[in-house]
Amino acid sequence: MRMLSIFSGLFSTLIASLGELAMLAGETFSSIGRGRIRVGLTLRQIAEIGFGSQLVVVVTGAFTGAVFTAQAYFQFASLNMETAVGPVVTLAMFRELGPALTGLMVAGRVGAAMSAEIGTMKVTQQIDALRALAVNPVDYLVVPRTLAMLISMPLLVVECVGLGVLASYYVGVEVLNITGVYFLANMQKFTEGSDIFMSLIKGFVFGGLIVFISCREGLRAKDGAVGVGRATTATVVTSSLAILIVNFFLTMALNILFPAGQR
Amino acid sequence: MNEPLIQVRDLVQRIGGQEILRGLSIDLFPGETLVLLGKSGGGKSVFLRHLIGLMRPISGSIIVEGQEITGLMERELEPVRRKVGMLFQDGALFDSMNVFDNVAFPLRERGERDPSAVAEKVARALAMVNMTGHAHKMPVNLSGGMRKRVALARAIISPPDVILYDEPTAGLDPIVSDSINKLIRSLQKQLRITSLVVTHDMISCNQIADRIALLNEGRIHFLGSVAELRDSRDPVVRDFVDGRSGETVY
């Protein structure tokens, strides 16, 4: 009985949270639709999210591509399938690893910072001051961050995947002596535009998840510094879990639209 | 007497199961400075936040310049908030902006794009609060009194009809408090701004008030002039004026 009440409590919290997220997203897109866009703030956020995430994305992409190539080579070499390493790594980077890892890294770096900044504004009455000055906090804080994230995330995913593939080529061909021509030929043969498109869609969706979760957590922060810390932690945990869970459903749905292995 | 600028009737608010406001009713008339006294934690700031829709009451009515605001949506409150400014207890300056940008913020948000016009208005507002020469400082580098002055400059740069002051002298030394009180008085005279000041500072009250209201147990317990407050024999008023807690310490 007690377990049942715990589960029903968790379920109602989940539904309430999803409802709040949907309302925030609705209000944000409605503001964007009405042209309440602050170009300067959006550009500043693009610099913060896009430029500021370069190191994280470069290192994540390059080393994921490199280590995946090495591991795939060690397994495939015993079957004399070394030349399959290129397409396997490339497809995995495009379809799964690039978007998911970029999402997780951006959630940790940008989502946490966003939530902390908005949360601090909330607990120090700066958001009340915005409202008192007749400025809507969603227009001023959420819209620029949403636009910046939705523009930056697909580009960051492409960058992560691109560096992963480059690192894969370097490790495969230069370090592990896979024949370069076969590596590239197989990579080209098995990689299609739909793989790139899938990667971009995932980047776009994960960007939306990160920005709305971060802004919601920041906007509902309370109880001073402790509350800001709690909001930041909740942002990273919730965004990361949401990315991993939504990634599964996106993969299933997008595989219906763009089936893999049908070439 | 004039029509009230703000009319509050039977305002009720409950926070965390506790009834903070229990049917509060009061009027604010054009051009006056009304001081709302009350114990710390007695609901003064909560009341103030209702007047610009930062909080919604459980029941009751708030009419600002003839418009009932309790049922308005967030975006519908924006025109009301342009008429009623608020000075927050800690200033609530935007800590990512310097003093100049903080003060210029309302102008820019209302569409003023001419940099020289913005600079001129900011300089004038900063001069009114004696903060000339501090335009490029960040809020973190300002003292409590300076932060309140800058917040006041931000509140008056597009002069509202009413300013709500939330504990403007709290945490300040007597000299800075005196200068803030003089500032409130001079703004009322120069710009003819109606003021509602929430405080528990009796010195401040004597300096600036046209009328005084005492909030006790969620209702207006006393409403009158400074002299009437001073001469009152009501025990609650006397305890507050004389600074007696009524508690016994063993």
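Guide: Two residues are in contact if their C-beta atoms, placed from the backbone, lie within 7 Å. Keep that cut-off in mind as we go, and remember that this is a predicted model.

Visitor: Okay, so with that cut-off, how many residues does the contact take from chain B and from chain A?

Guide: Chain B puts in 15 residues and chain A puts in 11 residues. On the chain B side that touches chain A, the elements giving two or more residues are α2 (78-83) and α3 (99-109) of chain B.

Visitor: And how do the residues on that side of chain B divide into nonpolar, polar and charged?

Guide: You get eight nonpolar and seven charged residues there, with no polar ones.

Visitor: Let's go to chain A. What does its secondary structure come to?

Guide: Nine helices and zero strands, so by DSSP runs the string reads α-α-α-α-α-α-α-α-α from the N terminus on. Along the principal axes, the C-alpha atoms of chain A fill a box of roughly 70 × 55 × 35 Å.

Visitor: How much of chain A counts as buried?

Guide: Of its 263 residues, 44% do. Sequence separation is worth a look too: taking contacts in chain A with a separation of 6 or more, 89% come from residues 24 or more positions apart.

Visitor: Back in chain B, in which sense do strands β1 and β2 pair?

Guide: Antiparallel: β1 (residues 6-15) and β2 (residues 18-28) of chain B pair over eight bridges. To find the register, look for B:Leu11, which stands opposite B:Leu24 in β2(B).

Visitor: What about the turn of that hairpin, and the phi of B:Gly16?

Guide: Two residues sit between the strands β1(B) and β2(B), and B:Gly16 takes a positive phi near 55 degrees.

Key:
Residues numbered from 1 in each chain as written. Chains lettered and ligands numbered in written order. Predicted model: local features only at pLDDT ≥ 70, side-chain atom pairs only at ≥ 80, totals over all residues. Helix = DSSP H or I, 4+ residues; strand = E, 2+ residues; numbered from the N terminus. Buried ≥ 20, exposed ≤ 12 C-beta atoms within 10 Å, placed from the backbone. Nonpolar A, V, L, I, M, F, W, Y, C, P; charged D, E, K, R; others polar. Pairing = 2+ DSSP bridges.
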